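Trainee: I would like to take a close look at a single helix in this model and at what surrounds it. Could you then carry on from there to the other contacts worth reading beside it?

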Amino acid sequence: MRKPVLTIVLLVILLALDSCGKKPQQAPPPVTTSGAVGAASAVVALPNFTALVKKEGPAVVNISTTQTIRREHIPFPAFPGTKQDDPFYEFFRRFAPGEMLPHEFRSQSLGSGFIISQDGYILTNAHVVEKADEVTVRLTDKREFKAKVIGADKRSDIALLKISAKDLPVVSIGDASKLEVGEWVVAIGSPFGFTNSVSQGIVSAMGRSLPGENTTPFIQTDVPINPGNSGGPLFNLNGEVIGINSQIYSRSGGYMGLSFAIPIDLAIKVKNELLKHGTVKRGWLGVTIQDVSPEHARSFGLTKASGALITTVGKDTPAARASLEIGDIILKLNGKELTDAGDLARAVADAAPGSIARLSIWRRGVAKEVVATLGDADADLTTPKPRPMDKGMAPDKIGLTMHELNPDERQMLRTDGYVVVDAVDGIAAESGIQPGDIIIAINSQRISSIKQFRTVMADVGMRAALLVQREGNMIFIPLISK
């Protein structure tokens, strides 16, 4: 009985000795896919804004304004024999006419701002304090001050306020030119009156032009901004103000992912002008302009779609005195290339009235140099009013039905043009020409008759951009070639 047991013991010992003589095997490494490696390397820690808010938040203020609005109302007239229980009493009380009497009520609005000096100077939006009878500034420590409006510039939407206080917290001013698309930014303000609310996002675009705002190169972000944020600061991750929150693009009245801030360098420049003069002086050339599209560039013989295309030249303006013409494309101002019409508008506005503007232009396929002395935008600028249009008939092979204007029609329409479009079809319709457009020129060639229009079109073919007057405005429309 012992022999089988002994055999088993010896076998166990031999197996143990055999395993001791071999090197230990390491466990195989875990399998990692290339997708997992990419995902791991793409993970980046999100920024923490607590230090920024603690340091800069006390310099952000809530701004409330009150305005007395005077309107006339119609009091309920007395009707002899009409009693309150009469079924017509309520009808007469609501709708019957009566004597107009003055009526006053106070309107209130909210906004934001930020302190830029320890002695109480504050920046905000001009629309926040527009027409305000009284402006109140409230700090994070609950102190309230009545503010004086030192100056407000509607065109840039910048206002400078002053409160009587000392040793106030101030923001750090940054450099908006160093801001990059994709960079984190933070807004502090009072949306819907919720003071010192913090929101964050990234820079979506730089130098954005908005309709009617082509002198301001807005910073576009996706930072949630709502009514009450206007005038508040936009910070970079260094805790420096690089913009003033000014506008949102919305179809609902609330935030929809598109917010726009005024660059701080522009705001500081306006602030200095307001502090020194109480107003802002801007240069003025006296032209209306539009961007140069690839189709425009082809029509005018340019190799690159850049610069500002002149659509009108005002009479007795710096542009007229410098002999600028409709159809000229301004490529450079004082040696600096212009990407689009907004570049020219901003450069001219930034220049002082009376300064010299050296313009490099493209005219009828030839580069030229023109020198203009800029005027004063506020003193000289006027806007023409649109006039209604009349109609008639004349055929054209590219789809235009036109007629020539008589002197009375030209005077009524206040136009220098001679040919008006009555109906549109074919290539002309596809290009965007509309009934009622007055044809002023083809490229740089002025048009004074339908016969001349056809002659010039035969010469230039489809490399044509029509300058038309539409509801008081001038615009070049390139023809779409097939």
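Mentor: What follows begins with one helix and its surroundings, and then moves on to the core, the charged pairs, a buried polar residue and the backbone.

Bear in mind throughout that this is a predicted model. The helix I would choose is H13, which spans residues 450-460 and in which Ile 450, Phe 453, Val 456 and Met 457 are buried. Viewed along the axis of H13, these buried residues fall within an arc of 125°, so they line one face of the helix. Lys 451, Ala 458 and Asp 459 lie on the other side of H13 and are exposed. The buried residues pack against a set of strands, namely S22 (400-404), S23 (419-424), S24 (438-442), S25 (445-446) and S26 (465-470). Just after the helix, Gly 461 takes a positive phi of about 65°.

Strand S26, one of the strands that H13 packs against, also takes part in a charged pair. Arg 470 forms a salt bridge with Asp 437, with the closest N and O atoms 2.7 Å apart. This pair links distant parts of the chain, since Arg 470 belongs to S26 while Asp 437 sits in the loop between helix H12 (426-431) and S24, 33 residues apart. Asp 437 has a relative accessible area of 1% and is therefore buried.

The structure holds 15 salt bridges, and several others can be set beside this one. In general, side chains of opposite charge can pair when their charged atoms come close. The side chains of Glu 56 and Lys 55 meet in a salt bridge at 2.9 Å, N to O; Glu 56 counts as buried because its relative accessibility is 1%, whereas Lys 55 is exposed, with a relative accessible area of 56%. Arg 321 and Asp 316 also meet through their side chains in a salt bridge, at 2.9 Å, N to O. Here Arg 321 counts as exposed at 55% relative accessibility, and Asp 316 is exposed with a relative accessible area of 64%. Elsewhere, Glu 325, Asp 328, Arg 363 and Arg 364 are linked in a network of salt bridges.

Aromatic contacts offer another way of following the chain, and the structure holds 3 aromatic pairs. In one of these, the rings of Phe 300 and Phe 476 have their centres 5.3 Å apart and their planes at 85°, so the pair is edge-to-face. Because Phe 300 lies in helix H7 (residues 294-300) and Phe 476 in strand S27 (residues 473-478), this pair ties together parts that are 176 residues apart in sequence. Both Phe 300 and Phe 476 are buried.

For nonpolar packing, turn to the largest nonpolar core, which has 35 residues, and in which Ile 219, Leu 234, Phe 235 and Ile 244 touch the most other members. Elements that give two or more residues to this core include strands S6 (158-162), S8 (184-189), S10 (218-221), S11 (233-235), S12 (240-248) and S13 (259-263), together with helix H6 (264-277). The largest share, 5 residues, comes from H6. Leaving aside residues up to four places away in sequence, Leu 234 touches a number of residues, among them Val 185, Val 186, Ala 187, Ile 219, Val 241, Ile 242 and Ala 261. In soluble globular proteins, nonpolar side chains tend to be buried together.

A polar residue can be buried as well, as Asn 62 in strand S1 (residues 60-73) shows, since its relative accessibility of 9% makes it count as buried. The side chain of Asn 62 makes a polar contact with the side chain of Ser 190 at 3.3 Å. Not counting residues up to four places away in sequence, Asn 62 also touches others, including Leu 110, Gly 111, Thr 136 and Arg 138.

Finally, the backbone deserves attention, because most residues other than glycine have a negative phi. Asp 157, although not a glycine, has a positive phi of about 65°; Asp 157 lies in the loop between strand S5 (144-153) and S6, and counts as buried at 12% relative accessibility. Phe 192, also not a glycine, has a positive phi of about 55° and is found in the loop between S8 and strand S9 (197-208). Phe 192 is exposed, with a relative accessible area of 55%.

Conventions
Residues are numbered from 1 along each chain as its sequence is written. This is a predicted model: local features need pLDDT of at least 70, side-chain atom pairs count only at pLDDT 80 or more; totals for chains, interfaces and linings use all residues. Side-chain values use heavy atoms; hydrogens and water are left out. Buried means under 20% relative accessible area, exposed over 50%, partly exposed in between (1.4 Å probe, protein chains only). Helices (H or I, at least four residues) and strands (E, at least two) are DSSP runs, numbered from the N terminus. The arc is that of the directions from the helix axis to the C-beta atoms. Contact means heavy atoms within 4.5 Å. A polar contact is a pair of N or O atoms within 3.5 Å; within protein, one must be able to donate a hydrogen and the other to accept it, and residues adjacent in sequence count only if both atoms are side-chain atoms. A nonpolar core is a set of buried Ala, Val, Leu, Ile, Met, Phe, Trp, Tyr and Cys residues joined through side-chain atoms within 4.5 Å. A salt bridge is a side-chain nitrogen of Lys or Arg within 4 Å of a carboxyl oxygen of Asp or Glu. Rings of Phe, Tyr and Trp (its six-membered ring) pair if their centres lie within 6.5 Å; planes under 30 degrees apart count as stacked, over 60 as edge-to-face and the rest as tilted.
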